[in-house]
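The exercises below are meant to be worked with the sequence and the model open side by side. Try each task before reading its solution.

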Amino acid sequence: MKVDGVAYRSIWREGDGAAVTVVDQTLLPHRFETLTIATVAEAIDAIKRMVVRGAPLIGVTGAYGYAMALAADPSDANLASAYDALYAARPTAVNLRWALDIVRAEMEPLAPEARAAAAFATADRLHAEDIRTNETMAAHGAALIREIWEEKGRSGPVNILTHCNTGWIACVDWGTALGVVYHAHDQGIPVHVYVDETRPRNQGASLTTWELGAHGVPHTLIADNAGGHLMQHGAVDICLVGADRVTANGDACNKIGTYLKALAAHDNGVPFYVVLPSSTIDWRIGDGVAEIEIEERAPDEVTHISGIAGDGTIVKVRLAPKGTKAANPAFDVTPARLVTGLVTERGVAKASREGLVALFPERG
Ligand code: MRU
């Protein structure tokens with residue numbers, strides 16, 4: 001996607017170099033800066049500090065980090081320990097494990113001296129696949145938006161509510177739920193997006209608004225608690241969210257607050273779709289509420305808020321009294337019964353084991 005007329009990806013490798021460049025998401029929307037990652041330690045740090053974030057991007061960054069680890073030490077011992085270190089960087093997005101599993105499986109049979117170059121090639125392949133997958137998903141999702149527009153008699157925009165950031169900077173390019181929005185907008189379908197602020201890190205307020213603005217998509221920022229009210233009053237035609245992990249039963253784990261939006265959508269008859277690449281499906285588990293370990297993040301993300309001061313510095317200010325105890329579960333699980341459909345690169349599936357297996361019969 002373009003920033004000030006220049007086409008960017010969220011992560012890229014210059015030629016055959018052993019480093020990658022990423023967009024530093026901790027500075028957006030205030031400053032657009034890039035950062036070079038040249039070691040596995042830097043890759044882990046970038047994932048932990050959310051310099052890079054969003055399930056598909058975490059996966060691709062993990063793959064490049066793994067390649068950097070093997071460039072430093074391609075031994076069997078490091079193949080195992082670098083996997084563990086990267087895997088521990090963030091627990092929820094299954095795309096990380098998916099990418100690390102692919103790199104490890106492809107590197108294991110190789111002689112150590114062949115591993116570094118091969119691992120970078122594998123990471124490049126996952127990078128390219130992510131772009132293709134998102135573009136295909138976006139086309140499937142845009143067909144749903146078109147249907148709604150036709151049902152409305154092509155009158156007014158299709159009002160979409162979204163949560164967190166699911167755009168090109170959360171993936172390599174395009175995005176998941178926002179990829180659908182971009183595709184529909186680019187096809188000339190009038191869309192308007194209600195953007196949940198997405199406390200505590202405010203990915204909606206900071207990142208989604210920045211992306212939509214840059215792409216020229218009409219949008220309105222709302223407080224997290226406003227969605228139910230808007231749905232009750234017919235202001236939302238469809239909810240589109242991404243996911244960090246979807247179980248084989250179709251339960252969707254996504255940014256905290258997604259479940260409440262799904263409940264409100266269900267109560268008001270608003271279609272609720274989750275947009276995800278198949279790398280986000282955790283085929284090993286069924287019941288997401290019982291089986292997904294939810295990342296608990298630092299309490300100061302809740303007790304404080306970040307913003308920009310008049311002099312342009314990014315500051316963190318306290319909201320709660322000193323010493324206030326805060327809990328910060330970063331994700332929640334929306335049970336499949338509340339999900340209208342799962343938009344994947346193979347098409348739209350019912351949120352159920354049968355629905356997913358119909359699209360991915362090799363998993364049946
Ligand atoms: O904690 P984050 O910002 O990494 O969480 C990201 C999300 O929850 C996104 O909605 C998600 O990764 C899905 S689609 C890119």
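The model is predicted.

**Exercise 1. Decide whether strand β7 (residues 191-196) is enclosed or open to the outside, and find its pairing with β6.**

Step 1. Five of the six residues of β7 are buried, so the strand is largely enclosed by the rest of the structure.

Step 2. Strand β6 (residues 158-162) runs parallel to β7, and five bridges join the two.

Step 3. To place the register, start from N159: its bridge partner in β7 is H192.

**Exercise 2. Work out the strand order of the open four-stranded sheet and say which strands stand at its edges.**

Step 1. The order is β13-β10-β11-β16, and the pairing is mixed.

Step 2. β13 (281-282) and β16 (331-334) each have a single partner strand, so one side of each is left without a neighbour in the sheet; these two are the edges.

Step 3. β10 (residues 245-247) and β13 run parallel and are joined by two bridges. T247 has D282 of β13 as its bridge partner.

Step 4. Look next for the helix that covers part of this sheet. Helix α9 (residues 258-267) lies across β11 (252-255) and β16, and its angle to β16 is about 30 degrees.

**Exercise 3. Describe how helices α4 and α5 pack.**

Step 1. Two packed helices are described by the angle between their axes and the distance between the axes.

Step 2. The axes of α4 (residues 94-107) and α5 (residues 112-151) come within 10 Å and cross at roughly 145 degrees. The crossing is right-handed.

Step 3. On the α4 side the contact is made by A99, I102, V103, E106 and M107; on the α5 side, by R115, A118, A119, T122, A123 and L126.

Step 4. Sorted by class, the contact of α4 with α5 comprises eight nonpolar, one polar and two charged residues.

**Exercise 4. Take R53 and K255 from the annotated binding site and establish whether each is buried or exposed.**

Step 1. The unreviewed UniProt entry places a "binding site" feature at R53, G54, A55, R90, Q203, N254 and K255.

Step 2. R53 lies in the loop between α1 (40-48) and α2 (55-72), while K255 is found in strand β11.

Step 3. A residue counts as buried if 20 or more other C-beta atoms lie within 10 Å of its own. R53 has 23 such neighbours and is therefore buried. K255 has 25 C-beta neighbours inside 10 Å, so K255 is buried as well.

Step 4. Leaving aside neighbours within four places in sequence, R53 is in contact with Q25, I58 and A170. On the same terms, the contacts of K255 are H163, C164, T198 and F331.

**Exercise 5. Locate the cis peptide bonds L28-P29 and R199-P200, and compare the settings of R154 and W174, which have positive phi.**

Step 1. L28 and P29 are joined by a cis peptide bond with omega of about 5 degrees. P29 is in the loop between β4 (20-23) and β5 (34-37).

Step 2. The bond from R199 to P200 is also cis, with omega near 5 degrees. P200 lies in the loop between β7 and α7 (203-215).

Step 3. R154, in the loop between α5 and β6, has phi near 55 degrees. W174, in the loop between β6 and α6 (177-186), has phi of about 70 degrees.

Step 4. R154 is exposed, with 11 other C-beta atoms within 10 Å, whereas W174 is buried, with 26.

Definitions and conventions:
Residues are numbered from 1 along each chain as its sequence is written. This is a predicted model: local features need pLDDT of at least 70, side-chain atom pairs count only at pLDDT 80 or more; totals for chains, interfaces and linings use all residues. Two strands pair if DSSP finds at least two bridges between them. Two residues are in contact if their C-beta atoms, placed from the backbone, lie within 7 Å. Axes are lines fitted to C-alpha atoms, for helices over the stretch in contact, and angles run from 0 to 180 degrees between N-to-C directions. A crossing is left-handed if the near helix is turned anticlockwise from the far one by less than a right angle, and right-handed if clockwise. Ala, Val, Leu, Ile, Met, Phe, Trp, Tyr, Cys and Pro count as nonpolar, Asp, Glu, Lys and Arg as charged, and the others, Gly among them, as polar. UniProt positions are given in the numbering used here, feature names are shortened, and annotations may be inferred rather than shown by experiment. A residue is buried if 20 or more other C-beta atoms lie within 10 Å of its own, exposed if 12 or fewer, and partly exposed in between; C-beta atoms are placed from the backbone.
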